[in-house]
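Student: Could you take me through one part of this protein slowly, and explain each term as you use it? I would like to look closely at the binding-site residues that come from the record.

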Amino acid sequence: MNAQDLVAVAQEHGSPVYVYDAQRIISQYERLESAFAKAKNLRIHYAVKALSNISILKLFKQLGAGLDTVSVQEVKLGLAAGVDPKKIIYTPNGVSLEEIEQVAALGVQINIDNLSILEQFGSKHPDVPVCVRINPHVMAGGNANISVGHIDSKFGISIHQIPHLLRIVKNTGMRVNGIHMHTGSDILDIGVFLYASEILFETAAKFDDLEFIDFGSGFKVPYKEGDVSTDIEELGEQLTERFNTFCKEYGKDLTIAFEPGKFLVSESGYFLTKVNVVKQTTSTVFAGVDSGFNHLIRPMLYGSYHKIENVSNPDGRKRYYSVVGYICETDTFGNNRQIAEVTEGDILAFSNAGAYCFSMASNYNSRYRPAEILWYNGESHVIRKRETMDDILRNQVEVSLSIEQEV
Ligand SMILES: Cc1ncc(COP(=O)(O)O)c(C=O)c1O
(Lines give C-alpha, C1' and ligand atoms only; values in the text may rest on other atoms or scores of the structure.)
Protein backbone atom coordinates (compact mmCIF):
# COMPACT_ATOMS: atom_id res chain seq x y z
CA MET A 1 0.00 0.00 0.00
CA ASN A 2 1.30 3.47 -0.78
CA ALA A 3 0.84 6.74 1.10
CA GLN A 4 -2.18 7.69 -1.03
CA ASP A 5 -3.95 4.40 -0.30
CA LEU A 6 -3.33 4.86 3.41
CA VAL A 7 -4.69 8.40 3.43
CA ALA A 8 -7.73 7.21 1.47
CA VAL A 9 -8.42 4.52 4.08
CA ALA A 10 -8.15 7.05 6.92
CA GLN A 11 -10.45 9.45 5.06
CA GLU A 12 -13.03 6.77 4.37
CA HIS A 13 -13.00 4.99 7.72
CA GLY A 14 -11.78 7.63 10.15
CA SER A 15 -8.92 7.37 12.60
CA PRO A 16 -7.40 5.70 14.43
CA VAL A 17 -7.72 2.66 12.22
CA TYR A 18 -5.80 -0.53 11.50
CA VAL A 19 -5.43 -1.62 7.89
CA TYR A 20 -3.97 -4.91 6.66
CA ASP A 21 -2.72 -5.53 3.14
CA ALA A 22 -4.05 -9.00 2.22
CA GLN A 23 -1.60 -9.37 -0.64
CA ARG A 24 1.30 -8.95 1.76
CA ILE A 25 -0.06 -11.73 3.97
CA ILE A 26 -0.46 -13.99 0.96
CA SER A 27 3.05 -13.32 -0.32
CA GLN A 28 4.62 -13.97 3.11
CA TYR A 29 2.70 -17.24 3.35
CA GLU A 30 3.84 -18.29 -0.10
CA ARG A 31 7.42 -17.31 0.74
CA LEU A 32 7.38 -19.57 3.77
CA GLU A 33 5.83 -22.42 1.82
CA SER A 34 8.44 -22.22 -0.89
CA ALA A 35 11.31 -21.99 1.65
CA PHE A 36 10.27 -25.42 2.93
CA ALA A 37 9.12 -26.79 -0.42
CA LYS A 38 11.55 -29.70 -0.22
CA ALA A 39 9.78 -31.13 2.83
CA LYS A 40 7.30 -33.89 1.95
CA ASN A 41 4.74 -32.80 4.51
CA LEU A 42 4.65 -29.20 5.62
CA ARG A 43 2.11 -27.67 7.97
CA ILE A 44 2.01 -23.95 8.69
CA HIS A 45 -0.05 -23.15 11.77
CA TYR A 46 -0.70 -19.42 11.81
CA ALA A 47 -0.32 -18.07 15.39
CA VAL A 48 -3.78 -16.64 16.00
CA LYS A 49 -2.65 -14.45 18.89
CA ALA A 50 -0.77 -12.19 16.49
CA LEU A 51 -3.93 -10.98 14.74
CA SER A 52 -7.10 -12.83 15.51
CA ASN A 53 -9.77 -11.20 13.37
CA ILE A 54 -12.02 -13.89 11.90
CA SER A 55 -11.58 -12.57 8.35
CA ILE A 56 -7.81 -12.95 8.73
CA LEU A 57 -8.34 -16.53 9.94
CA LYS A 58 -10.56 -17.18 6.93
CA LEU A 59 -7.86 -15.84 4.64
CA PHE A 60 -5.37 -18.28 6.18
CA LYS A 61 -7.87 -21.10 5.80
CA GLN A 62 -8.14 -20.24 2.09
CA LEU A 63 -4.36 -20.39 1.84
CA GLY A 64 -4.41 -23.88 3.33
CA ALA A 65 -2.90 -22.97 6.70
CA GLY A 66 -3.69 -24.50 10.05
CA LEU A 67 -3.82 -22.49 13.25
CA ASP A 68 -1.75 -22.26 16.39
CA THR A 69 -3.90 -21.35 19.39
CA VAL A 70 -3.30 -20.68 23.06
CA SER A 71 -6.79 -20.45 24.52
CA VAL A 72 -10.10 -22.22 24.12
CA GLN A 73 -11.48 -18.94 22.80
CA GLU A 74 -8.88 -18.82 20.02
CA VAL A 75 -9.78 -22.42 19.18
CA LYS A 76 -13.46 -21.48 18.96
CA LEU A 77 -12.61 -18.49 16.74
CA GLY A 78 -10.68 -20.81 14.43
CA LEU A 79 -13.58 -23.24 14.28
CA ALA A 80 -15.97 -20.34 13.61
CA ALA A 81 -13.71 -19.40 10.69
CA GLY A 82 -14.28 -22.90 9.34
CA VAL A 83 -10.81 -24.30 10.02
CA ASP A 84 -10.69 -28.08 10.34
CA PRO A 85 -10.03 -28.94 14.04
CA LYS A 86 -7.40 -31.42 12.89
CA LYS A 87 -5.45 -28.47 11.50
CA ILE A 88 -5.52 -26.60 14.79
CA ILE A 89 -2.86 -27.04 17.44
CA TYR A 90 -3.47 -25.80 20.97
CA THR A 91 -0.34 -24.75 22.87
CA PRO A 92 -1.41 -23.27 26.17
CA ASN A 93 0.75 -22.37 29.13
CA GLY A 94 -0.48 -22.53 32.68
CA VAL A 95 -4.12 -23.29 31.85
CA SER A 96 -6.37 -25.67 33.76
CA LEU A 97 -6.79 -29.35 32.97
CA GLU A 98 -10.49 -28.60 32.41
CA GLU A 99 -9.70 -26.14 29.60
CA ILE A 100 -7.38 -28.66 27.94
CA GLU A 101 -10.10 -31.32 28.14
CA GLN A 102 -12.61 -28.89 26.65
CA VAL A 103 -10.32 -28.25 23.69
CA ALA A 104 -9.50 -31.96 23.26
CA ALA A 105 -13.24 -32.65 23.03
CA LEU A 106 -13.36 -30.31 20.02
CA GLY A 107 -10.98 -32.59 18.13
CA VAL A 108 -8.03 -30.20 18.23
CA GLN A 109 -4.39 -31.32 18.57
CA ILE A 110 -3.31 -30.80 22.19
CA ASN A 111 0.20 -29.65 23.04
CA ILE A 112 1.15 -30.03 26.71
CA ASP A 113 4.03 -28.16 28.31
CA ASN A 114 4.29 -29.50 31.85
CA LEU A 115 4.56 -32.92 33.44
CA SER A 116 1.84 -32.45 36.04
CA ILE A 117 -0.89 -31.84 33.47
CA LEU A 118 0.62 -34.45 31.12
CA GLU A 119 0.25 -37.11 33.80
CA GLN A 120 -3.27 -36.08 34.73
CA PHE A 121 -4.40 -35.81 31.10
CA GLY A 122 -2.73 -39.09 30.11
CA SER A 123 -4.31 -40.94 33.03
CA LYS A 124 -7.80 -39.73 32.14
CA HIS A 125 -7.55 -39.76 28.33
CA PRO A 126 -4.93 -42.29 27.25
CA ASP A 127 -6.59 -42.52 23.82
CA VAL A 128 -6.11 -38.84 22.94
CA PRO A 129 -2.72 -38.34 21.27
CA VAL A 130 -0.78 -35.35 22.54
CA CYS A 131 2.15 -33.28 21.43
CA VAL A 132 4.70 -32.28 24.06
CA ARG A 133 6.40 -28.91 24.22
CA ILE A 134 10.07 -29.29 24.99
CA ASN A 135 12.24 -26.55 26.43
CA PRO A 136 15.63 -26.97 24.74
CA HIS A 137 17.23 -24.37 27.02
CA VAL A 138 18.47 -22.23 24.21
CA MET A 139 18.54 -18.50 24.78
CA ALA A 140 16.91 -16.91 21.78
CA GLY A 141 14.65 -14.00 21.08
CA GLY A 142 14.90 -10.26 20.91
CA ASN A 143 13.68 -9.23 24.36
CA ALA A 144 13.56 -10.95 27.76
CA ASN A 145 9.76 -11.07 27.62
CA ILE A 146 9.66 -12.82 24.25
CA SER A 147 12.61 -15.12 24.82
CA VAL A 148 10.99 -18.25 26.13
CA GLY A 149 13.31 -21.20 25.60
CA HIS A 150 16.00 -20.49 28.19
CA ILE A 151 16.51 -22.52 31.35
CA ASP A 152 14.54 -20.27 33.68
CA SER A 153 11.60 -19.86 31.33
CA LYS A 154 8.15 -21.03 32.45
CA PHE A 155 7.54 -22.61 29.05
CA GLY A 156 7.96 -26.21 28.01
CA ILE A 157 9.21 -29.41 29.59
CA SER A 158 12.93 -29.33 30.26
CA ILE A 159 15.07 -31.62 28.10
CA HIS A 160 16.52 -32.82 31.40
CA GLN A 161 13.09 -34.17 32.33
CA ILE A 162 12.70 -36.43 29.29
CA PRO A 163 13.24 -39.63 31.35
CA HIS A 164 10.38 -38.55 33.63
CA LEU A 165 8.24 -37.65 30.59
CA LEU A 166 8.86 -41.09 29.07
CA ARG A 167 7.94 -42.74 32.35
CA ILE A 168 4.61 -40.86 32.41
CA VAL A 169 3.90 -41.92 28.82
CA LYS A 170 4.61 -45.55 29.70
CA ASN A 171 2.66 -45.54 32.95
CA THR A 172 -0.44 -43.94 31.48
CA GLY A 173 -0.38 -45.71 28.11
CA MET A 174 -0.83 -42.36 26.35
CA ARG A 175 0.51 -41.63 22.89
CA VAL A 176 2.85 -38.77 22.03
CA ASN A 177 2.31 -37.92 18.36
CA GLY A 178 4.25 -34.66 18.19
CA ILE A 179 7.27 -32.86 19.59
CA HIS A 180 7.33 -29.09 19.77
CA MET A 181 9.55 -26.18 20.70
CA HIS A 182 9.26 -22.43 20.53
CA THR A 183 12.36 -20.70 21.72
CA GLY A 184 11.30 -17.08 21.40
CA SER A 185 10.49 -14.31 19.02
CA ASP A 186 12.81 -12.22 16.86
CA ILE A 187 15.53 -14.81 16.33
CA LEU A 188 18.31 -13.21 14.33
CA ASP A 189 20.68 -16.09 13.99
CA ILE A 190 19.50 -19.17 12.12
CA GLY A 191 22.46 -21.00 13.68
CA VAL A 192 20.74 -20.73 17.05
CA PHE A 193 17.52 -22.07 15.57
CA LEU A 194 19.34 -24.98 13.94
CA TYR A 195 21.17 -25.72 17.20
CA ALA A 196 17.87 -25.87 19.12
CA SER A 197 16.46 -28.06 16.33
CA GLU A 198 19.27 -30.57 16.89
CA ILE A 199 18.18 -30.87 20.50
CA LEU A 200 14.64 -31.43 19.30
CA PHE A 201 15.74 -34.18 16.88
CA GLU A 202 17.64 -35.89 19.68
CA THR A 203 14.53 -35.79 21.83
CA ALA A 204 12.22 -36.86 19.00
CA ALA A 205 14.29 -40.00 18.43
CA LYS A 206 13.22 -41.18 21.90
CA PHE A 207 9.54 -41.34 20.88
CA ASP A 208 8.26 -44.16 18.66
CA ASP A 209 4.92 -42.88 17.54
CA LEU A 210 5.49 -39.40 16.18
CA GLU A 211 3.55 -37.88 13.31
CA PHE A 212 5.03 -34.39 13.35
CA ILE A 213 7.74 -32.15 14.72
CA ASP A 214 6.75 -28.54 15.33
CA PHE A 215 9.62 -26.06 15.35
CA GLY A 216 7.52 -23.16 16.61
CA SER A 217 8.44 -19.78 15.27
CA GLY A 218 10.39 -16.69 16.21
CA PHE A 219 11.19 -15.58 12.68
CA LYS A 220 12.28 -11.97 12.76
CA VAL A 221 10.91 -9.42 10.35
CA PRO A 222 12.52 -6.07 9.49
CA TYR A 223 11.23 -2.97 11.28
CA LYS A 224 13.37 -0.35 9.59
CA GLU A 225 15.68 0.05 6.62
CA GLY A 226 18.79 -2.06 6.96
CA ASP A 227 17.26 -4.16 9.73
CA VAL A 228 18.36 -7.78 9.97
CA SER A 229 15.67 -10.40 9.57
CA THR A 230 15.61 -14.19 9.70
CA ASP A 231 16.94 -15.58 6.43
CA ILE A 232 13.93 -17.82 5.91
CA GLU A 233 15.15 -19.21 2.57
CA GLU A 234 18.46 -20.30 4.09
CA LEU A 235 16.74 -21.72 7.16
CA GLY A 236 14.29 -23.56 4.91
CA GLU A 237 17.10 -25.04 2.87
CA GLN A 238 19.19 -26.20 5.82
CA LEU A 239 16.43 -27.34 8.16
CA THR A 240 14.52 -29.24 5.48
CA GLU A 241 17.61 -31.15 4.49
CA ARG A 242 18.32 -32.05 8.10
CA PHE A 243 14.64 -32.91 8.68
CA ASN A 244 14.54 -35.22 5.68
CA THR A 245 17.63 -37.02 6.95
CA PHE A 246 16.04 -37.37 10.37
CA CYS A 247 12.88 -38.85 8.80
CA LYS A 248 14.98 -41.46 7.00
CA GLU A 249 16.67 -42.44 10.26
CA TYR A 250 13.32 -42.43 12.06
CA GLY A 251 11.81 -44.60 9.33
CA LYS A 252 8.77 -42.45 8.66
CA ASP A 253 7.85 -39.32 6.68
CA LEU A 254 6.91 -36.98 9.47
CA THR A 255 5.27 -33.58 9.02
CA ILE A 256 7.41 -30.54 9.60
CA ALA A 257 5.36 -27.83 11.29
CA PHE A 258 5.80 -24.15 12.15
CA GLU A 259 3.63 -21.59 13.88
CA PRO A 260 4.58 -18.11 12.77
CA GLY A 261 2.67 -15.01 13.69
CA LYS A 262 4.86 -11.99 13.02
CA PHE A 263 6.41 -13.36 9.85
CA LEU A 264 3.00 -13.75 8.27
CA VAL A 265 1.19 -10.60 9.35
CA SER A 266 3.51 -8.00 10.89
CA GLU A 267 4.46 -6.19 7.70
CA SER A 268 0.95 -6.31 6.26
CA GLY A 269 -0.37 -3.91 8.89
CA TYR A 270 -0.46 -0.14 9.23
CA PHE A 271 -1.88 1.78 12.12
CA LEU A 272 -3.24 5.13 10.97
CA THR A 273 -3.59 7.99 13.42
CA LYS A 274 -4.41 11.66 13.09
CA VAL A 275 -2.26 14.38 14.61
CA ASN A 276 -4.31 16.25 17.19
CA VAL A 277 -1.62 18.65 18.31
CA VAL A 278 1.91 19.73 17.45
CA LYS A 279 3.49 20.95 20.66
CA GLN A 280 6.85 22.61 20.89
CA THR A 281 8.70 22.37 24.21
CA THR A 282 12.16 23.51 25.23
CA SER A 283 13.68 20.19 24.15
CA THR A 284 11.53 18.64 21.43
CA VAL A 285 8.52 18.90 19.18
CA PHE A 286 5.74 16.53 20.12
CA ALA A 287 3.30 15.23 17.56
CA GLY A 288 0.33 14.15 19.66
CA VAL A 289 -1.95 11.66 17.88
CA ASP A 290 -5.52 10.49 18.44
CA SER A 291 -4.45 7.20 20.01
CA GLY A 292 -2.22 5.82 22.74
CA PHE A 293 -0.91 2.63 24.28
CA ASN A 294 -4.52 1.51 24.63
CA HIS A 295 -4.41 0.81 20.88
CA LEU A 296 -0.73 0.04 20.31
CA ILE A 297 1.11 -1.07 23.42
CA ARG A 298 4.19 -2.76 21.98
CA PRO A 299 6.55 0.25 22.10
CA MET A 300 5.72 0.79 25.77
CA LEU A 301 5.52 -2.91 26.65
CA TYR A 302 8.75 -4.14 25.16
CA GLY A 303 10.31 -1.30 23.26
CA SER A 304 9.25 -2.39 19.79
CA TYR A 305 10.10 -0.08 16.91
CA HIS A 306 7.43 0.99 14.45
CA LYS A 307 8.43 3.20 11.56
CA ILE A 308 6.25 6.32 11.54
CA GLU A 309 5.56 8.21 8.33
CA ASN A 310 3.51 11.28 7.57
CA VAL A 311 1.47 9.86 4.71
CA SER A 312 -0.50 13.04 4.16
CA ASN A 313 2.66 15.06 3.51
CA PRO A 314 5.16 12.41 2.34
CA ASP A 315 7.37 14.87 0.47
CA GLY A 316 7.55 17.46 3.22
CA ARG A 317 10.83 18.63 4.71
CA LYS A 318 12.14 16.11 7.26
CA ARG A 319 12.06 17.31 10.85
CA TYR A 320 12.48 15.66 14.25
CA TYR A 321 9.45 14.74 16.35
CA SER A 322 8.54 12.73 19.39
CA VAL A 323 5.32 10.98 18.55
CA VAL A 324 3.13 10.53 21.60
CA GLY A 325 -0.38 9.40 22.45
CA TYR A 326 -3.24 10.96 24.40
CA ILE A 327 -3.12 8.67 27.43
CA CYS A 328 -2.67 10.27 30.82
CA GLU A 329 0.59 8.38 31.33
CA THR A 330 3.73 8.50 29.27
CA ASP A 331 2.94 6.83 25.99
CA THR A 332 5.70 7.51 23.55
CA PHE A 333 5.39 5.74 20.23
CA GLY A 334 8.66 7.04 18.87
CA ASN A 335 11.29 9.40 20.19
CA ASN A 336 13.28 11.82 18.10
CA ARG A 337 12.02 10.47 14.79
CA GLN A 338 12.71 12.13 11.47
CA ILE A 339 9.35 12.57 9.81
CA ALA A 340 8.16 14.72 6.92
CA GLU A 341 6.90 18.02 8.36
CA VAL A 342 3.82 17.48 10.47
CA THR A 343 0.85 19.79 10.84
CA GLU A 344 -2.27 19.21 12.89
CA GLY A 345 -4.72 17.00 11.03
CA ASP A 346 -2.00 15.02 9.23
CA ILE A 347 -2.23 11.23 9.08
CA LEU A 348 0.71 9.33 10.58
CA ALA A 349 1.11 5.69 9.55
CA PHE A 350 2.84 3.21 11.87
CA SER A 351 4.41 0.24 10.06
CA ASN A 352 4.64 -3.37 11.25
CA ALA A 353 1.22 -2.98 12.79
CA GLY A 354 -0.13 -6.39 11.80
CA ALA A 355 1.16 -8.55 14.64
CA TYR A 356 0.44 -8.07 18.35
CA CYS A 357 -1.07 -4.65 17.79
CA PHE A 358 -4.85 -4.75 17.53
CA SER A 359 -4.85 -8.09 19.35
CA MET A 360 -3.31 -6.35 22.39
CA ALA A 361 -5.56 -3.27 22.19
CA SER A 362 -7.73 -2.35 25.16
CA ASN A 363 -10.39 0.12 26.20
CA TYR A 364 -8.09 1.90 28.66
CA ASN A 365 -9.29 5.46 29.28
CA SER A 366 -12.69 4.14 28.11
CA ARG A 367 -11.68 4.76 24.51
CA TYR A 368 -13.18 2.79 21.66
CA ARG A 369 -10.97 0.20 20.03
CA PRO A 370 -10.28 1.12 16.39
CA ALA A 371 -11.85 -0.30 13.28
CA GLU A 372 -9.91 -2.89 11.23
CA ILE A 373 -9.78 -2.83 7.46
CA LEU A 374 -8.62 -5.53 5.06
CA TRP A 375 -7.21 -4.11 1.84
CA TYR A 376 -7.25 -6.26 -1.28
CA ASN A 377 -6.98 -5.35 -4.95
CA GLY A 378 -7.35 -1.66 -4.24
CA GLU A 379 -10.51 -2.11 -2.19
CA SER A 380 -11.00 -1.75 1.53
CA HIS A 381 -13.20 -4.14 3.46
CA VAL A 382 -14.26 -3.37 7.01
CA ILE A 383 -13.46 -6.46 9.08
CA ARG A 384 -14.18 -4.89 12.45
CA LYS A 385 -16.31 -1.87 13.14
CA ARG A 386 -15.05 0.89 15.37
CA GLU A 387 -16.51 0.47 18.83
CA THR A 388 -19.24 2.68 20.20
CA MET A 389 -20.45 3.69 23.64
CA ASP A 390 -22.64 0.55 23.64
CA ASP A 391 -19.50 -1.59 23.48
CA ILE A 392 -17.98 0.28 26.41
CA LEU A 393 -21.10 -0.24 28.50
CA ARG A 394 -21.77 -3.83 27.40
CA ASN A 395 -21.53 -6.16 30.41
CA GLN A 396 -21.28 -3.31 32.85
CA VAL A 397 -23.94 -3.62 35.54
CA GLU A 398 -25.22 -0.47 37.18
CA VAL A 399 -25.68 -0.83 40.89
CA SER A 400 -26.86 1.98 43.15
CA LEU A 401 -25.93 1.27 46.73
CA SER A 402 -28.06 2.75 49.44
CA ILE A 403 -25.23 4.32 51.36
CA GLU A 404 -25.95 5.26 54.90
CA GLN A 405 -24.45 8.66 55.48
CA GLU A 406 -24.18 10.41 58.79
CA VAL A 407 -25.56 13.90 58.53
C1 LIG B 1 4.07 -21.05 21.29
C2 LIG B 1 4.18 -19.94 20.32
N3 LIG B 1 4.16 -20.22 19.00
C4 LIG B 1 4.24 -19.23 18.08
C5 LIG B 1 4.35 -17.91 18.43
C6 LIG B 1 4.43 -16.87 17.36
O7 LIG B 1 5.63 -16.21 17.39
P8 LIG B 1 6.01 -15.10 16.29
O9 LIG B 1 4.88 -14.13 16.22
O10 LIG B 1 7.26 -14.49 16.76
O11 LIG B 1 6.14 -15.80 14.99
C12 LIG B 1 4.40 -17.57 19.78
C13 LIG B 1 4.54 -16.17 20.18
O14 LIG B 1 4.44 -15.76 21.28
C15 LIG B 1 4.30 -18.61 20.76
O16 LIG B 1 4.33 -18.33 22.06
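Tutor: What follows is a close look at the binding site, with its terms explained along the way. This is a predicted model, in which local features need pLDDT of at least 70 and side-chain atom pairs count only at pLDDT 80 or more, while totals for chains, interfaces and linings use all residues. Residues are numbered from 1 along each chain as its sequence is written.

The unreviewed UniProt entry places the feature "binding site" at Arg298, Tyr302, Glu329 and Tyr356; such positions are given in the numbering used here, feature names are shortened, and annotations may be inferred rather than shown by experiment. Tyr302 belongs to helix H11, which covers residues 298-302, whereas Tyr356 sits in the loop that runs between strand E16 (347-350) and strand E17 (371-376). Helices (H or I, at least four residues) and strands (E, at least two) are DSSP runs, numbered from the N terminus.

Tyr356 counts as buried because 25 C-beta neighbours lie inside 10 Å, while Tyr302 is partly exposed because it has 15 other C-beta atoms within 10 Å. Here, buried means that 20 or more other C-beta atoms lie within 10 Å of a residue's own, exposed means 12 or fewer, and partly exposed is in between, with C-beta atoms placed from the backbone.

Setting aside neighbours within four places in sequence, Tyr356 is in contact with Ala50 and Arg298, where contact means that the two C-beta atoms, placed from the backbone, lie within 7 Å. Arg298, one of these two partners of Tyr356, is also among the binding-site positions in the UniProt entry.
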